[in-house]
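Got your viewer open? Here is a short tour, stop by stop, with a hint on what to select each time.

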Amino acid sequence: MGEHLVRRLTLLVVVLLAASNGAANGGWVIDRDDRGDSPLLKDRKSIAMTEQEQQQRLASAYKAAVGAEYRNIRQHWSAPETSNQTRWVAYSDDYQVKKVVDFKSNQIEISMEGVFSGGRLDFAAMNKKVGSELEKTVATRLKDAIENDPVQTAINQVYADLGAASGAAQLETSELVLKELFRSANPSAAEIRREAGALMRNASIRYQALNASVASVPVSLGKKMTYVIPMPDNRIRRKVMEFQPVVRSNAKRFDLSEDVVMAIIHTESHFNPLARSHVPAFGLMQIVPSTAGRDATRELYQKPSLLSAQYLYNPKKNIEVGAAYLHVLYYDYFKSIKNPQSRLYYTIAAYNAGASNVAKAFIGKASFTDAVEVVNGMTPDQVLQRLLKQAPHKETRQYLEKVLKRRAYYAKM
């Protein structure tokens, strides 16, 4: 535990220094989009400056926290990895065990040093160790996952210094990260053991690029082994059913299409409640606190607020904020796009890339105000094809295509 505390304190010092330098010297900045003369942005210059400064500090702090944690990880693992949009990554306090829940591939990966006997893997001993770590993984609650994440702990202080709305009271502390694996919201130790045992029956061992039978892994392959444990095929559908009531109520509240909201969640995070990106953005709908979060809270509470990461890790709150932000984009910022379908295509692309960047597909420069006339002179299909072929970033083109395909799937559910 002492080593764990030292690691957290070191990360915190690194982050605070980086945040201070970021505010003073600049850094990664998200462009404040040209969104026209929205009545919500009467003080847009001061708001933009506040957002820019906050985003610089948050991005610098996040980069520093990840960099410091990478240095810790490299002492034990050749390829450092921390959590992202689709993979929740956790290490033991001594970094000897690495656990990953891959929401996109629908599998759990547990890596540790192999236990060998007589020149071969001791399957019984290894299976017992991995099974124990698997039980801990499937029994982890959201609150514990966040509190034990050194990167998140390190940047929390920066959010607090910026006056972020606390998420402590909002986080459902009893909610499991993988609650969809169980019938009960609070499974017993016996139920957790039974589920872990069932999952282990389909496990395989991976060493680098090699898949091998657990009974014939020679010592010469090295010490670190990874167990790849598939999760149930219907897990994602269960996750969708879990979030459907919240999505439905917020879609109705904000005059949105339920299938669009669900498709965006799927594309942004693959239903990973602990999703985060380098921006940094957090949670199911990947909300950037200093931009989308402020726009959404202005809609929700008539006052822009900086939301903490903890707040956005709450699935219900994240969906509410994401839906509010979509409402602002579609009904306020882009209301000058006359055709509803064209406006929807633009909104989806802008959710990923920002209004100004999307405008480049139509006029070659970052100005939504100037792009509106061109967009209004096109049919919805022409708008869609222009975005799919000429949006400035490949990621945005693929994003729009994925959301629309998934929307069609969720519309049938």
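A residue counts as partly exposed when its relative accessible area falls between the buried range, under 20%, and the exposed range, over 50%. Try that on Tyr-409: its relative accessible area is 46%, so Tyr-409 is partly exposed. Keep in mind that you are looking at a predicted model.

**The whole view**

Show everything as a cartoon. You should find 16 helices and eight strands. The protein has 413 residues, and 52% of them count as buried. Switch on the surface, and the accessible area comes to about 18500 Å², with 50% of that belonging to carbon and sulfur atoms. Among contacts with a separation of 6 or more, 66% are between residues 24 or more positions apart.

Now colour by pLDDT. The mean is 86, and 82% of the residues reach 70 or more. Go easy on two stretches: pLDDT stays under 50 over residues 13–46, and the same goes for residues 208–221. The model has 66 contacts beyond four places in sequence for residues 13–46, and 22 for residues 208–221.

**Stop one: a nonpolar patch**

Select Tyr-409 again; you'll find it in helix α16, which covers residues 394–411. Add Met-241 and Met-413, and you have a nonpolar surface patch of about 290 Å², made by these two together with Tyr-409.

**Stop two: Glu-81 and its partners**

Next, select Glu-81. Look for it in the loop between α2 (44–74) and β1 (87–91). Is Glu-81 buried or exposed? With a relative accessible area of 15%, against a cut-off of 20%, Glu-81 is buried.

Show what surrounds it. Beyond its neighbours within four places in sequence, Glu-81 is in contact with Tyr-70, Ile-73, Arg-87, Val-89, Tyr-91, Lys-98 and Val-100. Two of these deserve a distance label. The side chains of Glu-81 and Lys-98 make a polar contact at 2.8 Å. With Arg-87, Glu-81 forms a salt bridge whose closest N and O atoms are 2.6 Å apart. Both Glu-81 and Arg-87 are buried.

**Stop three: follow Arg-87 onward**

Stay on Arg-87 and bring up Glu-109. These two form a salt bridge as well, with 3.2 Å between the closest N and O atoms. Arg-87 sits in strand β1 and Glu-109 in strand β3 (residues 107–113), so this pair ties together parts that are 22 residues apart in sequence. Glu-109 is buried, as is Arg-87.

Which residues belong to the network of salt bridges here? Select Glu-81, Arg-87, Lys-98, Asp-102, Glu-109 and Arg-206: they are linked in that network. Side chains of opposite charge can pair when their charged atoms come close. A search of the whole structure turns up 19 salt bridges.

**Stop four: a salt bridge elsewhere**

Jump to Lys-179 and Glu-242, whose side chains meet in a salt bridge (3.9 Å, N to O). The two are 63 residues apart and link distant parts of the chain: Lys-179 is in the loop between α5 (150–161) and α6 (189–200), while Glu-242 is in helix α7 (residues 235–253). Lys-179 is partly exposed, with a relative accessible area of 25%, and Glu-242 is partly exposed too, at 21%.

**Stop five: Asn-272**

Now pick Asn-272, in the loop between α8 (258–269) and α9. How buried is Asn-272? Its relative accessible area is 0%. Leaving aside neighbours within four places in sequence, Asn-272 has contacts that include Asn-84, Thr-86, Arg-87, Trp-88 and Phe-103. Gln-85 is also on that list, and the side chain of Asn-272 reaches the backbone oxygen of Gln-85 at 3.1 Å.

For a link back to the salt-bridge network, add Asp-102, one of its members. Asn-272 and Asp-102 are 170 residues apart in sequence, yet 8.7 Å apart in space, C-alpha to C-alpha.

**Last stop: helix α9**

Finish by selecting residues 292–301, which make up helix α9. Why call α9 largely enclosed by the rest of the structure? Because eight of its 10 residues are buried. Those buried residues are Ala-292, Gly-293, Arg-294, Asp-295, Ala-296, Thr-297, Arg-298 and Leu-300. Then step just past the helix to Gln-302, which takes a positive phi of about 60 degrees.

Terms used
Residues are numbered from 1 along each chain as its sequence is written. This is a predicted model: local features need pLDDT of at least 70, side-chain atom pairs count only at pLDDT 80 or more; totals for chains, interfaces and linings use all residues. Side-chain values use heavy atoms; hydrogens and water are left out. Helices (H or I, at least four residues) and strands (E, at least two) are DSSP runs, numbered from the N terminus. Buried means under 20% relative accessible area, exposed over 50%, partly exposed in between (1.4 Å probe, protein chains only). A polar contact is a pair of N or O atoms within 3.5 Å; within protein, one must be able to donate a hydrogen and the other to accept it, and residues adjacent in sequence count only if both atoms are side-chain atoms. Contact means heavy atoms within 4.5 Å. Patches are made of residues with over 30% relative accessible area and no salt bridge: like charges are joined within 9 Å, nonpolar side chains (Val, Leu, Ile, Met, Phe, Trp, Tyr) within 5 Å. Accessible areas come from the Shrake-Rupley method with a 1.4 Å probe; for residues, only the protein chains shown count as cover. A salt bridge is a side-chain nitrogen of Lys or Arg within 4 Å of a carboxyl oxygen of Asp or Glu. pLDDT is the predictor's confidence in each residue, from 0 to 100.
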